[in-house]
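Let's take a walk through this one, starting with the strands and then moving on to the helical part. Have the structure open alongside as you read.

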Amino acid sequence: MIIMTLFTGGLFFVSPSTADAQTYLRRVRGRDGRIHWVRTAKPSYYRRHRNRINMAIGTGGGAVIGGLIGGGKGALIGAGTGLGASALYTYKLNKKKRHYRKVRRY
């Protein structure tokens, strides 16, 4: 009975108190030059973990192709090749581009 009481009492501290996990605060400089904190939506999972996902897909694809061609050793070589190719693509060829657009309010 004591353990059940401790467990149910502990649920109060573990449960989330607010639903702010989907938003975060971003610092924005206003037209008057002051800093304002604006609540915006959280970026998507892919947008937050873009590099890791691209590397994992490249490594997995290389391992599958290498495994089909050369068995276990080929899978290891293919995984290394896929990792190198996906790293080259992610970090050199297709860098994340930031698009800055001027907003004019007349």
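## The hairpin

Start with the two strands. S1 covers residues 23–29 and S2 covers residues 35–41, and they pair antiparallel over 7 bridges. If you want a landmark on this ladder, pick Arg27, whose bridge partner in S2 is Trp37.

Together S1 and S2 make a hairpin, with 5 residues sitting between the strands. Look in the turn for Gly33, which has a positive phi of about 90°.

## The chain as a whole

Keep in mind that this is a predicted model. The protein chain has 3 helices to go with its 2 strands, and the order along the sequence is α-β-β-α-α.

How much of the chain is buried? Buried residues account for 12% of the 106 residues. The chain exposes about 9600 Å², and carbon and sulfur atoms supply 63% of that area. As for contacts, take those between residues at least 6 apart in sequence: 30% of them join residues at least 24 apart.

## Two glycines in H3

Now for helix H3, which spans residues 50–93. Gly58 is found in this helix. Is Gly58 buried or exposed? Its relative accessible area is 19%, and the cut-off for buried is under 20%, so Gly58 counts as buried.

What does Gly58 touch, once neighbours within four places in sequence are set aside? The answer is Gly82, Leu83 and Ser86. Thr81 belongs in this view as well: Gly58 and Thr81 are 23 residues apart in sequence, with their C-alpha atoms 8.7 Å apart in space.

Gly61 lies in H3 too. Gly61 has 31% relative accessibility, so it is classed as partly exposed. From Gly61 to Gly82 you count 21 residues along the sequence, and the C-alpha to C-alpha distance is 6.7 Å. Gly82 has already come up, as one of the residues in contact with Gly58.

## Thr90

Thr90 is another H3 residue. With a relative accessible area of 2%, Thr90 falls under the 20% cut-off and is therefore buried.

Where does the Thr90 side chain go? It reaches the backbone oxygen of Ser86 at 2.8 Å. Ser86 is also on the list of Gly58 contacts. Leaving out residues up to four places away in sequence, Thr90 touches Arg50, Asn51, Asn54, Met55 and Lys95.

## A nonpolar patch on the surface

Which residues make the nonpolar surface patch? They are Val64, Ile65, Leu68 and Ile69, and the patch comes to about 490 Å².

Leu68 is a good one to click on. Its place is in H3, and at 73% relative accessibility it is over the 50% cut-off, so Leu68 counts as exposed. That sets Leu68 apart from two other H3 residues you have just met: Gly58 is buried, and so is Thr90.

Definitions and conventions. Residues numbered from 1 in each chain as written. Predicted model: local features only at pLDDT ≥ 70, side-chain atom pairs only at ≥ 80, totals over all residues. Heavy atoms only, no water. Patch = residues over 30% accessible without salt bridge, like charges linked within 9 Å, V, L, I, M, F, W, Y side chains within 5 Å. Areas by Shrake-Rupley, 256 points an atom, 1.4 Å probe, with all protein chains shown as cover. Salt bridge = Lys/Arg side-chain N within 4 Å of Asp/Glu carboxyl O. Helix = DSSP H or I, 4+ residues; strand = E, 2+ residues; numbered from the N terminus. Buried < 20%, exposed > 50% of the residue type's maximum accessible area, 1.4 Å probe, protein only. Contact = heavy atoms within 4.5 Å. Polar contact = N/O pair within 3.5 Å; in protein donor to acceptor, adjacent residues only side chain to side chain. Pairing = 2+ DSSP bridges.
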